[in-house]
Amino acid sequence: MGWGNRRLNEAAAVCAMQFPAIGLAWWIRGQLGDDYAYGGAYGAFALFALACLLAVAPLVLPVLGLAHAVLQVLPAEALAREAARRTRGPVWAWHLGLTAVLGVVWAGLALLLWDWPFTVTAPLFAALGVLPVLGLGWLRRRTRGFWGVWLPALFASVGLFLLVFLGGVLATVTGILEEYEPPKLSAAQLTGVWRGEEGAVLRLGTGGRADLTALPAETASASASEEPYSDPPFAVCDGTGTWRLDAKGGYDPYADGPEGRPGVVVRPADGCGQETYWRIGGTEAKPELFVPFGDPDAPDVRILTPAR
């Protein structure tokens, strides 16, 4: 498409500058979501992962920036120049609009290939082009040379990172961002078919009947407090059983007191495994049932979601 090395360098720099702030926003969002009973270990692991990303950022960010530029920002610029030539409109306005359109196209492709949620990825991918387009306009008028491009991008990246950090702290202190609370589901809302990985199916019927297909369940060794834990730390059960809603979490093995997280107590009828407490997670719109099996410090978390 006729992009020179200079233009590729500029586009890669302005695209790369936003990724540290995006990574921090992702980490903050993760801290406000369900920790799946990892507790403090989850937050420590997430913090460690963030630190690792920051450590390798000088190597990774230019590659991410170049990929973003080539796949979205620069093709949109080429289309914008052609559209502006035909309509005599401003190139920057066409560039912004067409970058957003390409972001939506990539979101549609992600939906088809990996089943990524389109309503989330489409606005996100579209928004990823805003700062690079504005940054390219600024660089075109003011800078030259390699360091003349990457130094302003570095300063802008640090500024964005600090802005997101301070915004997250302020939002947490003022209560705009609140600690995660699991949804409150009734027995009627839980009734139905729940599916998990490796073919696991749990059918919660009326009257407390449960049908199990390849469903993980606690075993004596898996639920024991001492090591070693069995591998895998659960039994795989088929057949029937019973279930009941525990709205106060009295059976929650991770509870600090007499009450814990609400969940579903499932008891297989044929002796395969023991009574298992499936905790309620997710959101009201997208509920989940999950069990952390095995070592509490590094559990094997199995998740069920409602069948579509």
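**Figure 1. The largest nonpolar core of the predicted model.** In this predicted model, the largest nonpolar core has 22 residues, and Leu190, Leu202, Leu204 and Leu289 touch the most other members. At least two residues of this core come from each of β2, β3, β4, β5 (263-268), β6 (276-282) and β7 (287-293). Strand β3 gives the largest share, four residues. A second core, separate from this one, has ten residues, among them Ala13, Ala16, Phe19 and Trp150. In soluble globular proteins, nonpolar side chains tend to be buried together.

**Figure 2. Surroundings of Leu190.** Neighbours within four places in sequence are left aside in this view, and Leu190 is then in contact with Leu185, Leu204, Trp243, Leu245, Val264, Ile280 and Leu289. Val264 lies in β5 (263-268), Ile280 in β6 (276-282) and Leu289 in β7 (287-293). Trp243 and Leu245 fall in strand β4 (residues 235-246). Leu190, Leu204 and Leu289 are also among the core residues that touch the most other members.

**Figure 3. The eight-stranded barrel.** Eight strands close into a barrel, in the order β1-β2-β3-β4-β5-β6-β7-β8, with antiparallel pairing. From one strand to the next, the twist averages 35 degrees. Strands of a sheet pair through backbone hydrogen bonds, either parallel or antiparallel. Strands β3 (residues 209-217) and β4 (residues 235-246) are joined by seven bridges in the antiparallel sense. Within this pair, Leu215 stands opposite Cys237 of β4.

**Figure 4. The hairpin of β1 and β2.** Strands β1 and β2 run antiparallel and are joined by four bridges. Trp194 has Leu202 of β2 opposite to it. Five residues lie between the two strands, and in this hairpin Glu198 takes a positive phi near 60 degrees. Which residues does Glu197 contact, apart from neighbours within four places in sequence? Glu197 lies in the loop between β1 (192-195) and β2 (201-204), and those contacts are Val301, Arg302 and Ile303. With a relative accessible area of 45%, Glu197 is partly exposed. The C-alpha atoms of Glu197 and Leu215 are 9.4 Å apart in space, while the two residues are 18 apart in sequence.

**Figure 5. The hairpin of β2 and β3.** Four bridges connect β2 and β3, and these strands run antiparallel. Arg203 has Asp211 in β3 as its bridge partner. The hairpin has four residues between the strands, and Gly207 takes a positive phi near 75 degrees in it.

**Figure 6. The buried face of helix α6.** Thr121, Ala122, Phe125 and Ala126 are buried in helix α6 (residues 118-127). Seen down the axis of α6, the buried residues fall within an arc of 125 degrees, so they line one face of the helix.

**Figure 7. His95 in helix α5.** Is His95 buried or exposed? The residue lies in helix α5 (residues 91-114). The relative accessibility of His95 is 4%, so His95 counts as buried, the cut-off for this class being under 20%. Leaving aside neighbours within four places in sequence, the contacts of His95 are Val73, Ala76, Glu77, Ala80, Val133 and Leu136.

**Figure 8. Arg7, Glu10 and their salt-bridge network.** The structure holds 13 salt bridges. In one of them, Arg7 is paired with Glu10, and the closest N and O atoms are 2.6 Å apart. Both residues lie in helix α1 (residues 5-16), three residues apart, which is about one turn of the helix. Arg7 is buried at a relative accessible area of 13%, and Glu10 is buried at 2%. A network of salt bridges links Arg6, Arg7, Glu10, Glu77 and Arg81. Glu77 is also one of the contacts of His95.

**Figure 9. Glu82 and two arginines in helix α4.** Glu82 forms a salt bridge with Arg85 (2.6 Å, N to O) and a salt bridge with Arg86 (2.9 Å, N to O). Glu82 and Arg85 are three residues apart in helix α4 (residues 57-87), so about one helical turn separates them. Glu82 and Arg86 are four residues apart in helix α4, about one turn of the helix. Glu82 counts as partly exposed at 32% relative accessibility. Arg85 is exposed, with a relative accessible area of 56%, and Arg86 is exposed, with 64%.

Definitions and conventions: Residues numbered from 1 in each chain as written. Predicted model: local features only at pLDDT ≥ 70, side-chain atom pairs only at ≥ 80, totals over all residues. Heavy atoms only, no water. Buried < 20%, exposed > 50% of the residue type's maximum accessible area, 1.4 Å probe, protein only. Contact = heavy atoms within 4.5 Å. Pairing = 2+ DSSP bridges. Axes fitted to C-alpha atoms, helices over the stretch in contact; angles between N-to-C directions. Core = buried A, V, L, I, M, F, W, Y, C linked by side-chain atoms within 4.5 Å. Arc of directions from axis to C-beta. Salt bridge = Lys/Arg side-chain N within 4 Å of Asp/Glu carboxyl O.
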